[in-house]
Amino acid sequence: MMRKVSKIGFVLLPGFALMSYASALEPLRAANIIAGAELYGWRHLSVDGAPVGASNRLLMAVDGTLDDLEGLDTIIVCAGGNPAVFDDARLWHGLRSMARRGLTLGGVSAGPYLLARAGVLDGYRATVHWEHAAAFAEQFRKVDLRSSLFEVDRNRLTCAGGVAALDMMHHVIGEAHGFALARAVGDWFLQAHVRPGEGGQRLGLPERLGVRNARLERIIDLMEGRIETPASREELAESAGVSLRQLDRLFAEHIGVGAEAYYQSIRLTRARELLRQTNLPVTEIAVATGFASASHFSRAYRRKYACSPRQERQ
């Protein structure tokens, strides 16, 4: 009995992340070689059929446009950079048409953001690269956003990007052809440890900060989880079982700035992401990042970034 070949279309968008794309495609090639059979086939598509420049300026030729779907059963959107600036009605119409046809739709790196903009992730679990997560959560309330490496929900595949696409394709190949083949593909790429989808995207706080202090970690965890309604100094201190004086001493000793200054920096970093990746009004961004007024937000933003929020957006 002949096995049906899975045909995948990779939609390449300008500035697509080359590592994420390769991490999604290469496991399919390896699966064919290891299995000694054509389990997967693929084509490359672009919005207009023209070659597409990757994130490193490599120019990739394609096989067709978004209309060339004959024989394809899965579409994976490969994007990168700032997806908020991409706006082409042909992509939105194409993705909605693919969804109506019942194709499996996927996205890697910034790809899930564009699937969400087309409305084809509404009601599905999804993930996206942590850099785009704040803007994604604000804009696409109908999507069940997770902070995972990848999500497979019915006929939607989303991946945070980078080498996490290897982990996602391990799952996809294993579900379709058995995990013995998937493990062999992992070995092929020297993938000594395959991460589950629910794994975290970023290094832990000790690795990111270069500091190991359990009390400090608890406080910063609370800060990062309370952006819109900032925790008070008392709540921060209580979360780690320290006094207000000890709170300030912890941050001065390990971070080099006071607790309130560090907290505000976290919130302003989130605000900058929202300014760059969404069209939300500045006043809404001020509220979403815990500032009492737009004027307070603007003054704090200018102190940190030497420009106003409106200038940042321009």
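This tour moves through a predicted model, starting at its sheet and ending at a pair of helices.

Begin by selecting the strands of the open sheet, which number 6 and run in the order β2-β1-β5-β6-β10-β9 with mixed pairing. Colour β2 (40-45) and β9 (150-153) separately, for these two stand at the edges, and each has a single partner strand, so one side of each is left without a neighbour in the sheet. Looking across the strands, you should find a twist that averages 15 degrees from one strand to the next.

Next, select strand β1 (residues 6-12) together with β2, where the pairing is parallel and extends over 6 bridges. To inspect one of the residue pairs, show Val 11, whose bridge partner in β2 is Leu 45.

Now add helix α1 (residues 18-35), which packs on the sheet and touches β1, β2, β5 (74-79) and β6 (104-109), while its direction makes about 150 degrees with that of β2. Then add α5, which also packs on the sheet, where it touches β2, β6, β9 and β10 (156-159), and the direction of α5 makes about 150 degrees with that of β10.

Finally, keep helix α5 (residues 164-177) and select helix α6 (residues 179-188) beside it: their axes come within 7 Å and cross at roughly 150 degrees, and the crossing is right-handed. For the contact itself, display His 170, His 171, Ile 173, Gly 174, Glu 175 and His 177 in α5, which meet Phe 179, Leu 181, Ala 182, Arg 183 and Val 185 in α6. Coloured by class, the residues of this contact divide into 5 nonpolar, 4 polar and 2 charged.

Methods. Residues are numbered from 1 along each chain as its sequence is written. This is a predicted model: local features need pLDDT of at least 70, side-chain atom pairs count only at pLDDT 80 or more; totals for chains, interfaces and linings use all residues. Side-chain values use heavy atoms; hydrogens and water are left out. Axes are lines fitted to C-alpha atoms, for helices over the stretch in contact, and angles run from 0 to 180 degrees between N-to-C directions. Helices (H or I, at least four residues) and strands (E, at least two) are DSSP runs, numbered from the N terminus. A crossing is left-handed if the near helix is turned anticlockwise from the far one by less than a right angle, and right-handed if clockwise. Contact means heavy atoms within 4.5 Å. Ala, Val, Leu, Ile, Met, Phe, Trp, Tyr, Cys and Pro count as nonpolar, Asp, Glu, Lys and Arg as charged, and the others, Gly among them, as polar. Two strands pair if DSSP finds at least two bridges between them.
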